[in-house]
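Here are some short exercises on how two domains meet. Have the model open and work along with each solution.

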Amino acid sequence: MKVLLENIKELVQVEEYPVLFKAGSAMAEVTTIKNAYLIIRDEVIEDFGEMSHLKDAYVDDDILLEIDCSNRLVYPTYCDSHTHLVYPGSREKEFVDRIKGLSYEQIAERGGGILNSAKLLHETSEDELYKSAMERVSEMVQMGTGAVEIKSGYGLNTDDELKMLRVIRRIKNSSPICVRANFLGAHSIPLKFRDNVSKYVDSIINEMIPQVAAEELSDYIDVFCDKGFFSVADTERILMAGMKYGLRPKIHANELGHTGGVEVGVKYNALSVDHLEYIGENEIATLKNSETMPTVLPGAAFFLNMKLSPVRKMIDAGLPVALASDYNPGSSPSGNMNLISAMGCIKYNMLPEEVINATTINSAYAMGISDRLGSIARGKIASVFITSEIPGIEYLPYSYGSNLIETVIINGEVQNF
Ligand code: NIG
Ligand code: FE
């Protein structure tokens with residue numbers, strides 16, 4: 001199938017010479033083509049350019065579908081590199097507890113929070129988990145997301161972690177978008193192991209990881225390395241065990257303190273370190289010259305009223321930054337990357353161009369897929385969205401409450417909602 005998008009007011013995030021990510025001052029650069037065309041053949045971006053050049057190359061060709069994009073912008077779909085979107089139920093009671101004054105950590109200490117979801121997940125069937133997760137995925141696609149990383153971590157025992165990962169595999173096999181799985185057995189410490197965390201870590205290393213690997217259920221290994229959760233020493237043991245099976249680390253770090261999470265992530269060549277509310281000169285120096293993508297989750301900081309990650313400092317120091325939704329029932333119950341983009345500008349002082357790079361090419365890197373997705377480049381996967389009639393790229397994060405995405409194309413196919 002060949003598709004032609006024509007009269008595009010502005011084709012955004014174009015790359016003649018694709019890069020794997022953008023760092024520092026390059027994050028403020030986004031190449032666009034005004035009055036453009038885009039040609040898709042099957043699943044792939046075949047060509048693009050200015051409308052004035054279209055006729056020369058494609059007269060009487062075999063175009064099957066023409067879409068007029070007058071007054072509309074076309075973007076590569078968002079890559080959401082950090083989510084927990086397989087979960088058994090919402091947690092709005094804790095939301096009210098926090099309004100009344102309890103902190104996220106206090107709720108977790110009482111056995112609420114993640115443990116609450118784990119209890120409910122144990123009682124929920126694979127089919128039910130799959131169905132609710134697919135509804136979330138479909139809503140995210142409608143809002144412009146074309147790739148998503150999904151973590152386990154509400155199982156916290158071997159059977160339930162495997163159950164979650166099998167659900168993620170089903171989503172991978174049945175959803176049109178690109179899905180990456182991340183094993184997060186070390187998401188929280190089950191109550192019965194609170195006095196003996198090493199014993200739980202042993203079970204992750206000796207039972208869970210070998211089975212996850214045997215069934216090829218995960219692409220990555222994650223640890224919530226933070227105050228009140230897993231220590232740096234626990235994290236090192238778990239990462240080493242996962243890496244033996246080829247699982248690349250992608251970890252939760254520095255959300256609740258300067259806990260050494262960034263350092264341990266970089267030491268084990270993590271693909272990304274995520275959250276990063278507590279980042280100082282040392283963490284920035286560690287991240288410099290590493291292959292690890294610093295990833296910030298504005299939804300969680302907003303929802304939990306946390307201090308904000310020093311994104312400006314990181315970019316000004318020459319680092320790349322990715323943004324992701326952290327979609328989960330406890331700290332960020334939304335997978336809306338348009339809202340995340342708006343928060344990037346409004347709360348973190350990022351330029352619209354920096355936000356585009358952070359939610360496309362850099363977040364694609366944080367999932368290990370930036371050679372295939374995250375920009376408009378010849379040969380990349382044809383997953384793009386078409387906006388409604390808008391004036392320019394600044395307008396998308398500016399009008400933070402509106403849904404301005406009209407059409408979504410995934411792997412070259414127009415999605416119907
Ligand atoms: O990324 N920080 C740890 N894990 C999730 C929260 C999960 C939950 O509360 O259910 C996060 O914010
Ligand atoms: Fe998370």
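**Exercise 1.** How much area do domain 1 and domain 2 bury between them, and what part of it is on carbon and sulfur atoms?

*Solution.* Begin with the ground rules: this is a predicted model, where local features need pLDDT of at least 70 and side-chain atom pairs count only at pLDDT 80 or more, while totals for chains, interfaces and linings use all residues. Residues are numbered from 1 along each chain as its sequence is written, and side-chain values use heavy atoms, with hydrogens and water left out.

Next, set the bounds: domain 1 is 2–77 + 374–414 and domain 2 is 83–365, as given by an automatic or database domain assignment.

Now the area: the two domains bury about 2300 Å², with 69% of it on carbon and sulfur atoms. Buried area here is the accessible area (1.4 Å probe) lost when two parts are put together, summed over both. Of what domain 1 buries against domain 2, Phe21, Met27 and Pro397 supply 25%, more than any other three residues.

**Exercise 2.** Find how many residue pairs are in polar contact across the interface of domain 1 and domain 2.

*Solution.* First, look for salt bridges (a side-chain nitrogen of Lys or Arg within 4 Å of a carboxyl oxygen of Asp or Glu); the rule finds 0 across this interface.

Then turn to polar contacts: N or O atom pairs within 3.5 Å, where within protein one must be able to donate a hydrogen and the other to accept it, and residues adjacent in sequence count only if both atoms are side-chain atoms. The rule finds 12 such residue pairs, both residues at pLDDT 80 or more.

Conventions
Chains are lettered from A and ligands numbered from 1 in the order in which they are written.
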